[in-house]
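Got the model open in your viewer? Keep the selection box handy, and we'll go from stop to stop together.

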Amino acid sequence: MSFVLDGKHEKDKRACRDGYIDAVLELMDADKKVVHIDCDLKGCINVGRLDKAHPDQVYNAGIAEANAVGIASGMAASGLTPFIHTFGIFASRRVFDQAFLSAGYSEWPVHIVGSDPGVTAAFNGATHMPFEDCALYLSVPNATVVDPADYAQCYALTKELAKVPTITYQRLIRKGFVKVYEDGSEFELGKGVTLRDGSDVTIIASGIMVDKALQAEEALKEEGISARVIDMHTWKPLDEELIIKAAKETGAIVTAENHQVSCGLGSAIANVLAQNCLVPQEFVGIQNRYGQVGPQDFLEKEYNLMPEDIVAAVKKVLARK
Amino acid sequence: MSKEQKMQELREFAAEIRVETLKIIGSRGFGHVGGSMSLADAYAVLYGAVMKYDPKNPTWEDRDWCVLSKGHGGPVMYATLGLKGFYPVENAYQLNQPHTTFPSHTDHLMTPGVDLTTGSLGQGISEAVGAALGNRAQGRDSHTFVFIGDGEADEGQVWEAAQFAAHYKMNNLICLVDNNGRQLDGDVNVVMSHGKGIGAKFDAFGWHVIDVADGNDVEQIYDAIQEAYKVEDKPIALILNTVKGKGATFAESTGAHSSQPSKEEWDEAIKVAEENLAAVRAQKGA
């Protein structure tokens, strides 16, 4: 694992989806057994680039996601390495029994990619806004679940996921937001990344919340509060060692996620803390609500996903310390 | 071997499968007798005359695949695989015991010769289509056989899989429909009917459909599969008009989905099935 933090809070030139496509393109170049199956959403993540280079390794299952997961499972059983993409809501809620049994229980390497996680679904609104997609996959015993933060991390993690012998679920941000990491950064599945050291509190975030956690850390520093920041890109298997160390050394935890807090990263971390090192924890994320339509910056404020929300949570948790 | 000799062999094999299927479910005392017994003849044809497989190497790459999408019929598959040497057939008398490798629904992680895990109806056919597509993509000359039930065909996923297989012109896929007319709550036509018929539905989805008038006749099934092998650009559906519980004295008349008869009824059913096997064998010399 070697990474370089960009940390300038500037917009990434590339879309995150290109991180996925660039990685799969290279995987396909190296191995004819790697295939991509889409559900009539190829245009949404630029699968045309895979089509052009490897037409025999791309399949369209149409708007029939449950079948697509079964197809992917059968293809995996025949020896292929299938990635399968649709919007996150379909990739989780709509196909859950198929993902659980045909892929998960059956122990086939099916790599499911759900795009537009949480508020990034923006103008597609409530019907397309997954706040609980990871919750479903966290309940699959042998699943790997990741929530990449930007292009570089998406690229690196996609390559790692291809090596996993059982079901994986990846959240895929389609657009380009903030650049967090320099290209060429490497990450290990199941290993969180400490981005800033600190002693008063630890902020653990993933996905779009990583840059916001870094902004919060900078604001807190101005006030004399020393915050550690961890990017927990892999929700399962969870880096328990890093969490316990942070709890012991800083004595307070704030989690930040673009997901329901009752069944996501924060609750998974609370599970670890309760069993190993109980310290006060505050949860930034979706608080038992449905999605709605709107521009992403509006939604981030509406659901309290801003750096100032993390700052407020830190102050609250410190008061409980 | 003449065709008639081959058919005689298959009739014997089907009768053996029926005896063992009853013994397997009888070892536990209850189970899915109906939808297991209806398929004994089709299993006899597949494993007795049609499929290429190696009992000593169940995951041989170039094998034909068999997927029991109506996974609750597991016992008929366990009987068949046991009789063909994938394992001693008596091993399957551990059906549904704690830590068994013979669960009520077929599971590829547990039982040698089971290619894909099934049980949640509708999922097995998608998995089978994926396997057939994957085998074709890797240049393998093999067929995938998938059994679905007429009750199972209530599931929308069956028809998603059907349209996919037709779209990708998968003539290496043969779906055998156990059209026994019954599902758990009663007659298919009462619980949830199939419009113009299940064959008409597959036809509308672009499949080559073969109606097998007697789905419990090994020769009709064998002939239908030979016809299926000639189809060039479509998946093939064999509509097997079967009798649920065929050959189980306590179940054939009721068409029950699952049965829990008394010890005496089990003994009687196995005795009758064994007598039937002896009668079929006696025809060899006739």
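## First stop: a charged pair in chain A

Start by selecting A:Arg93 and A:Glu132, which form a salt bridge with their closest N and O atoms 2.7 Å apart. This pair ties together distant parts of the chain: A:Arg93 is in helix α4 (residues 88-94), while A:Glu132 sits in the loop between β4 (111-115) and α6 (133-138), 39 residues away. Side chains of opposite charge can pair when their charged atoms come close. Over all chains, the count comes to 38 salt bridges. Bear in mind as you click around that this is a predicted model.

## Where the chains meet

Now show both chains and turn to the interface. How many residues of each chain are in contact with the other? On chain A there are 25, and they touch 27 residues of chain B. Between them the two chains bury about 2,000 Å², with 56% of that on carbon and sulfur atoms.

If you go hunting for salt bridges across this interface, the rule finds 0. Polar contacts are another matter: 13 residue pairs make them between chain A and chain B, counting pairs with both residues at pLDDT 80 or more.

Next, colour β2 (58-60), α3 (65-77) and α5 (96-105) of chain A, since each of these supplies at least two residues of the side that touches chain B. Which element gives the most? That's α3(A), with 9 residues. Sorted by class, the chain A side of the interface has 11 nonpolar, 10 polar and 4 charged residues.

## Two cavities inside

Time to look inside. A search of the whole structure turns up 2 cavities of 30 Å³ or more.

For the largest one, with a volume of about 60 Å³, go to chain B. Select B:Tyr47, B:Met51, B:Tyr53, B:Asp54, B:Pro58, B:Arg63, B:Asp64, B:Phe86, B:Gly113 and B:Asp115, and you have its lining. Those residues divide into 5 nonpolar, 1 polar and 4 charged.

The second largest cavity has a volume of about 40 Å³, and for this one you go back to chain A. Its lining is A:Cys39, A:Glu65, A:Val69, A:Ile84, A:His85, A:Thr86, A:Ala91, A:Val95 and A:Ile112. Two elements of chain A, α3 and β3 (81-87), each supply at least two of these lining residues, and β3(A) gives the most, with 3. You have already met α3(A) at the interface, where this helix gives 9 residues to the side touching chain B. By class, the lining of the second largest cavity has 6 nonpolar, 2 polar and 1 charged residues.

## Two backbone oddities

Two last stops, for which it helps to show the backbone. Most residues other than glycine have a negative phi, and most peptide bonds are trans.

In chain A, pick A:Lys236 and A:Pro237: the peptide bond joining them is cis, with omega about -5°. To place A:Pro237, look in the loop between β10 (234-236) and α9 (240-250) of chain A.

Then hop over to chain B and select B:Asn96. What is the sign of phi at B:Asn96? Phi is positive there, about 60°, although B:Asn96 is not a glycine. You'll find B:Asn96 in the loop between α4 (74-83) and α5 (123-137) of chain B.

Note on methods. Residues are numbered from 1 along each chain as its sequence is written. Chains are lettered from A and ligands numbered from 1 in the order in which they are written. This is a predicted model: local features need pLDDT of at least 70, side-chain atom pairs count only at pLDDT 80 or more; totals for chains, interfaces and linings use all residues. Side-chain values use heavy atoms; hydrogens and water are left out. Contact means heavy atoms within 4.5 Å. Buried area is the accessible area (1.4 Å probe) that two parts lose on being put together, summed over both. A salt bridge is a side-chain nitrogen of Lys or Arg within 4 Å of a carboxyl oxygen of Asp or Glu. A polar contact is a pair of N or O atoms within 3.5 Å; within protein, one must be able to donate a hydrogen and the other to accept it, and residues adjacent in sequence count only if both atoms are side-chain atoms. Helices (H or I, at least four residues) and strands (E, at least two) are DSSP runs, numbered from the N terminus. Ala, Val, Leu, Ile, Met, Phe, Trp, Tyr, Cys and Pro count as nonpolar, Asp, Glu, Lys and Arg as charged, and the others, Gly among them, as polar. On a 1 Å grid over the protein atoms alone, a cavity is a set of points where a 1.4 Å probe fits but cannot get out, and a pocket is an open set with protein on both sides within 12 Å along at least five of seven lines; lining residues have an atom within 4 Å of a point. Grid points are joined across faces, edges and corners, and a volume is the space filled by probe spheres set on the points.
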